[in-house]
Amino acid sequence: MPYKPQRVVVLDLANLDILDNLGLGGCVVGAPSITLPYLQSYNDAVPIVGTVKTPDLEAIMACDPDLILMGGRMAEYIDSLGEIAPVLRLTTVSDDGLVEAIRANAKTIGEIFGEGEQVDALLAQYDTRIEALSAFASGKTCVLGMSTSGSFNLLGNDGRCSLIVNEIGFDNIGADAATTGSRSGRSGGHGSGDSSNGDSSSERSGGHGSSSADSSSSGSTPTHGNEVSFEAIVALNPDYIFVMDRDSAIGTNGAQMAQEIMENELIMKTDAYKNGNMVILENPGIWYLAEGGITSLGIMLEDLESALS
């Protein structure tokens with residue numbers, strides 16, 4: 001792995017976010033297509049080298065990078081990318097939660113560039129906000145879910161939106177249902193290639209990287225959650241329902257939005273809905289595409305603060 005690389009192609013929005021916060025954006029020579037405002041300037045400054053799901057190998061090669069930085073997606077391309085330049089693959093899977101995964105990834109990147117000392121200070125800015133949200137969440141139940149293709153998929157404690165459970169402290173009473181039952185169709189049929197959460201915390205490759213584990217393996221939440229009936233949500237009757245609108249996040253044309261999907265006569269029977277506690281996360285593109293960055297963490301906390309105040 002090169003030390004203080006000068007030409008870095010970044011294929012993951014969370015890791016681009018980390019580089020940006022560490023003041024290392026000047027090393028970026030290629031980035032994926034970006035729709036998030038706080039990173040949009042990179043598309044104006046450097047070549048676009050694919051999407052967050054599919055790299056443009058020729059464009060990456062033309063950038064002549066000495067390091068390729070990628071996230072949990074694109075596992076199938078890691079060998080091809082490794083033929084162009086050394087690859088560092090960082091994901092947000094951590095037994096210690098999202099914040100500690102961000103800390104570990106930021107320190108890994110920082111050490112490569114000799115800029116690791118500022119990581120703790122960057123994350124410390126969120127401590128008070130997390131503590132306040134945690135105090136609010138104490139003793140309250142929730143279900144986490146993703147609306148997609150007209151359905152509602154439950155999410156567990158080991159993937160997207162798990163910040164709400166692991167750091168903030170809501171009791172996810174839908175976690176068991178999110179990791180059991182049918183794994184076919186919309187609940188897991190999109191495959192791990194669109195996952196923002198890979199297998200291990202990091203992988204380094206010089207052309208011999210391995211593919212990530214399938215996120216729908218036993219005991220873990222499928223990549224896009226586990227589709228459940230609205231009757232099941234009524235039976236759980238949580239204090240809060242948190243919904244991340246996947247179709248809005250990826251700009252699906254003509255898709256039914258989360259509000260339309262969730263405001264039905266069954267969900268309206270839940271205590272969460274009756275008490276005004278059904279939360280449609282305001283920035284789904286960040287929760288779905290950029291979870292794992294430093295700026296994105298602040299925006300995710302802001303979504304919760306505005307919804308829970």
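Met70 sits in strand 3, which covers residues 67-70, and I shall use this residue as the way into the structure. Please keep in mind that we are looking at a predicted model.

Is Met70 buried or exposed? Its relative accessibility is 0%, and because the cut-off for a buried residue is under 20%, Met70 counts as buried. Beyond its neighbours up to four places away in sequence, Met70 touches ten residues that I shall take in two groups. One group includes Leu11, Asp12 and Asn15. The other includes Ala75, Ile78 and Leu81, together with Val87, Leu88, Arg89 and Leu90. Of these partners, Leu88 lies 18 residues from Met70 along the chain, and the C-alpha atoms of the two are separated by 6.2 Å.

Let us follow one of those contacts, Asn15, into helix 1, which spans residues 13-21. Asn15 has a relative accessible area of 2% and is therefore also buried. Apart from residues within four places in sequence, Asn15 is in contact with Leu69, Met70 and Gly71, and also with Val10, Leu90 and Ile109.

How much of helix 1 is buried? The count is seven of its nine residues, so the helix is largely enclosed by the rest of the structure. The buried residues are Leu13, Ala14, Asn15, Leu16, Asp17, Ile18 and Leu19.

The two ends of this helix also deserve a word. At the N-terminal end, Asp12 acts as the cap, with a side-chain oxygen 3.1 Å from the backbone nitrogen of Ala14. Just after the helix, Gly23 adopts a positive phi of about 75 degrees.

I turn now to internal space. Rolling a probe the size of a water molecule over the atoms shows where empty space is left. The model has two cavities of 30 Å³ or more, and the second largest has a volume of about 30 Å³. Which residues line this second largest cavity? Met70 is one of them, and so are Leu11 and Asp12; the lining is completed by Val52, Gly71, Gly72, Arg73 and Met74. By class, that lining comprises four nonpolar, two polar and two charged residues.

Finally, a word on confidence. The protein averages a pLDDT of 85, and 85% of the residues score at least 70. Over residues 182-218, however, pLDDT stays under 50. The model has 102 contacts beyond four places in sequence for that stretch. Where pLDDT is low, the predicted coordinates should not be read in detail.

How values were computed
Residues numbered from 1 in each chain as written. Predicted model: local features only at pLDDT ≥ 70, side-chain atom pairs only at ≥ 80, totals over all residues. Heavy atoms only, no water. Helix = DSSP H or I, 4+ residues; strand = E, 2+ residues; numbered from the N terminus. Buried < 20%, exposed > 50% of the residue type's maximum accessible area, 1.4 Å probe, protein only. Contact = heavy atoms within 4.5 Å. 1 Å grid on protein atoms, 1.4 Å probe; cavity = no way out; pocket = protein on both sides within 12 Å on 5 of 7 lines; lining within 4 Å. Points joined across faces, edges and corners; volume = space filled by probe spheres on them. Nonpolar A, V, L, I, M, F, W, Y, C, P; charged D, E, K, R; others polar. pLDDT = per-residue confidence, 0-100. Polar contact = N/O pair within 3.5 Å; in protein donor to acceptor, adjacent residues only side chain to side chain.
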